[in-house]
Amino acid sequence: MNNPMMAAVRTLLKETFDGPEENASWYTEAKPGSGLFGTLGTLSAEDASIPVNGTTIAAQTDHTRYYLWAANSSLNGEEPRKDWGASWKISSVDELTWAQYNSELQQEYTTLLKTIDSLDSLDEQTSNGLLGAVAHSAYHLGSIRQMIKAINVPSRT
């Protein structure tokens with residue numbers, strides 16, 4: 001990847017989702033499990049269904065997945081009809097649904113990384129979309145981590 005901006009976006013997305021590499025960090029805790037997947041991996045469906053300030057971790061997770069799906073669609077030149085409020089209606093999940101949400105989030109994240117790798121150049125719209133994906137995902141990572149503190153889920157790392 002020759003474009004420093006795309007390389008930076010990819011690095012920050014990887015830190016957001018996978019966690020920092022080699023005990024170094026741009027913004028998360030510099031320890032394993034600090035990314036979204038490590039954070040979500042400590043939670044049961046029951047944990048993800050506990051309401052905090054009108055939402056659940058399950059809703060936050062599905063909303064993040066939905067945002068990545070929308071970003072991927074836009075980067076592919078698609079403009080599907082969107083229902084931004086649907087994920088916020090999620091109040092509880094069972095173990096199967098919780099695993100599905102996590103798997104679908106992983107799929108959308110992987111798709112976004114592959115899309116970034118396939119881009120030859122960045123225009124302003126694409127740059128804004130990619131930076132928005134980093135900021136939006138990092139925001140929800142922080143929200144989820146604060147919700148975990150609120151529901152007193154013990155650290156499993």
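The following exercises, each with a worked solution, concern the helices, the core and the aromatic pairs of a predicted model.

Residues are numbered from 1 along each chain as its sequence is written, and side-chain values use heavy atoms, with hydrogens and water left out. Because the model is predicted, local features need pLDDT of at least 70 and side-chain atom pairs count only at pLDDT 80 or more, whereas totals for chains, interfaces and linings use all residues.

**Exercise 1.** Determine which elements give two or more residues to the largest nonpolar core.

Solution. A nonpolar core is a set of buried Ala, Val, Leu, Ile, Met, Phe, Trp, Tyr and Cys residues joined through side-chain atoms within 4.5 Å. Buried means under 20% relative accessible area, with a 1.4 Å probe and protein chains only. The largest such core has 35 residues, and Leu 13, Phe 17, Leu 40, Ile 57, Val 93 and Trp 98 have the most contacts inside it. The elements sought are α1 (4-18), α2 (36-40), α3 (45-48), α4 (57-75), α5 (95-118) and α6 (124-151); helices are DSSP runs (H or I, at least four residues) numbered from the N terminus. The largest share, eight residues, comes from α6.

**Exercise 2.** Establish whether the loop residue Val 52 is buried or exposed (over 50% relative accessible area), and identify its contacts.

Solution. Val 52 is found in the loop between α3 and α4. Its relative accessible area is 12%, so Val 52 is buried. Beyond neighbours within four places in sequence, Val 52 is in contact (heavy atoms within 4.5 Å) with Met 147, Ala 150 and Ile 151. Val 52 and Ile 148 are 96 residues apart in sequence, with their C-alpha atoms 9.2 Å apart in space.

**Exercise 3.** Classify the ring pairs that Phe 37 forms with Phe 17 and with Tyr 109.

Solution. Rings of Phe, Tyr and Trp (its six-membered ring) pair if their centres lie within 6.5 Å; planes under 30 degrees apart count as stacked, over 60 as edge-to-face and the rest as tilted. The whole structure holds six aromatic pairs. For Phe 17 and Phe 37, the centres are 5.5 Å apart and the planes at 40°, so this pair is tilted. It joins helix α1 to helix α2 across 20 residues. For Phe 37 and Tyr 109, the centres are 5.5 Å apart and the planes at 65°, so this pair is edge-to-face. Because Phe 37 lies in α2 and Tyr 109 in α5, the latter pair ties together parts 72 residues apart in sequence. Phe 17 and Phe 37 are both buried, and Tyr 109 is buried as well.
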